[in-house]
Amino acid sequence: MSIGTASGHTLEDIRRRNVSAVLALVHGDGGLSRAELTRRTGLSRSSVATVISDLELAGVVRQEAAPPATRVGRPSPVVIPTDRFLAVSVNPDVDGVQVALCALGGRIVARTFRPSDRVVTPSEAAAMTADAVRELQTTVPDSRLVSLCAAMPGRVDKAGEDVVYAPHLRWRNVPFASMLQEATGIPSRVAFDAAVGLTAERHWGAARDTDDAVYLYGGPGGIGAAALVDGRILQGANGGVARLGHLLVAPDGPVCSCGNVGCLTTVVSSHAIATATGAASVALADLRTALAESSAPYKTGVLDRQLEHVATAIRIITNIYDPEIVVMGGFFGLLLEQGDGAIRRRLSDETISALRSPARLVEPRLGESQLLAGASDVAFAALLRDPLGFTALEAIA
């Protein structure tokens, strides 16, 4: 029986809170020493030892010897997540469906891609996901799949249940979470792909050391973006904040699906890069190879225009969100590789005089894993909130 404390919390409440706090730190860093966990939580060494023991018994973490010490004294063991509990991450796009199994800490354990030569329907995407999950699960027979999150190239509702509008997939008001759950038998949610990409870079990548960042992601289905301001990823009233693909950058450009003219997503795309370079497809690997090999004059002209539009967008972004860094994901990373100097020249102090300096442009450290790793963070929410309660229920099931 729990004993109430003076503050109204029971000892069991405090235990659960401490276990959750320790696991969240291990998850956010991918692994931490016991000494560092003690320092960050403010708990006593004995309390941290008890929490780690509880998590080990539940099969959530393990301890391993620290690397050779650089200072006097016995090194503290490192606490890292196990592969006992895995999340399923899904990313449907116009070229097919990516599916991965991820451990705590954003580590991808197994992944596969189901290509499609046409835009898939929600039912087809759910069926492809279920087939991929069955295949991947055979590689980790001793692991439990705890939850699933689909990173969507479009707007989702704040409850994480419906795809409100994914224009390039041509999906509107689709109850995709319930469709995935029915197809796979795994509790499922949906999330906006750029938001989970920024979450991943916030935990494990380029945005770890800042509270102010904007994330741009360019995929085969268009452009996504998310904004981290004062340490919080913005959502907005309907989950539609930071729709930066719809910044006006080309007043003489084409009409966008949103009804405006010259939106960023209409003039900067993987398809334009592929056409200019003769790439075999819009996959990042093919685009990178084509950019490295192509010397066609057409390529130069197209890239110049793409870089100009990107620089215009970043100037607007800087004035709206005042970020310390702009993380350039997907094909934006390729454009940064090709035209780093050209973009930076367009972002000189003279062009952003209201601020002391322009934002730093960086590539994501997680590469093409960012969306899948970020989706796993959403999928692990219940486990992170109450690790011992969750694993106890899993054991009963």
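**Exercise 1.** In this predicted model, determine in which sense strands S8 and S9 pair, and over how many bridges.

*Solution.* Step 1: locate the strands; S8 covers residues 155–156 and S9 covers residues 163–166. Step 2: read the pairing, which is antiparallel, with two bridges. Step 3: find a facing residue; Tyr165 in S9 lies opposite Arg155. Step 4: inspect the connection. Six residues lie between the strands of this hairpin, and Gly160 has a positive phi near 75°.

**Exercise 2.** Follow S9 to strand S10 and find which residue of S10 stands opposite Val163.

*Solution.* Step 1: S10 comprises residues 171–174, and three bridges join this strand to S9. Step 2: S9 and S10 run antiparallel. Step 3: the residue opposite Val163 is Val174 in S10. Step 4: the hairpin of S9 and S10 has four residues between the strands, and here Arg170 adopts a positive phi near 65°.

**Exercise 3.** Describe how helices H2 and H3 cross, and list the residues that meet.

*Solution.* Step 1: choose the quantities. Two packed helices are described by the angle and the distance between their axes. Step 2: apply them to H2 (residues 34–41) and H3 (residues 45–57); the axes come within 9 Å and cross at roughly 115°. Step 3: assign the hand; H2 passes H3 in a right-handed crossing. Step 4: list the contacts, taking heavy atoms within 4.5 Å. H2 contributes Arg34, Leu37, Thr38 and Thr41, while H3 contributes Arg45, Val48, Ala49 and Ile52. Step 5: sort this contact by class, which gives four nonpolar, two polar and two charged residues.

Definitions and conventions: Residues numbered from 1 in each chain as written. Predicted model: local features only at pLDDT ≥ 70, side-chain atom pairs only at ≥ 80, totals over all residues. Heavy atoms only, no water. Pairing = 2+ DSSP bridges. Axes fitted to C-alpha atoms, helices over the stretch in contact; angles between N-to-C directions. Left-handed = near helix turned anticlockwise from the far one by under 90°. Nonpolar A, V, L, I, M, F, W, Y, C, P; charged D, E, K, R; others polar.
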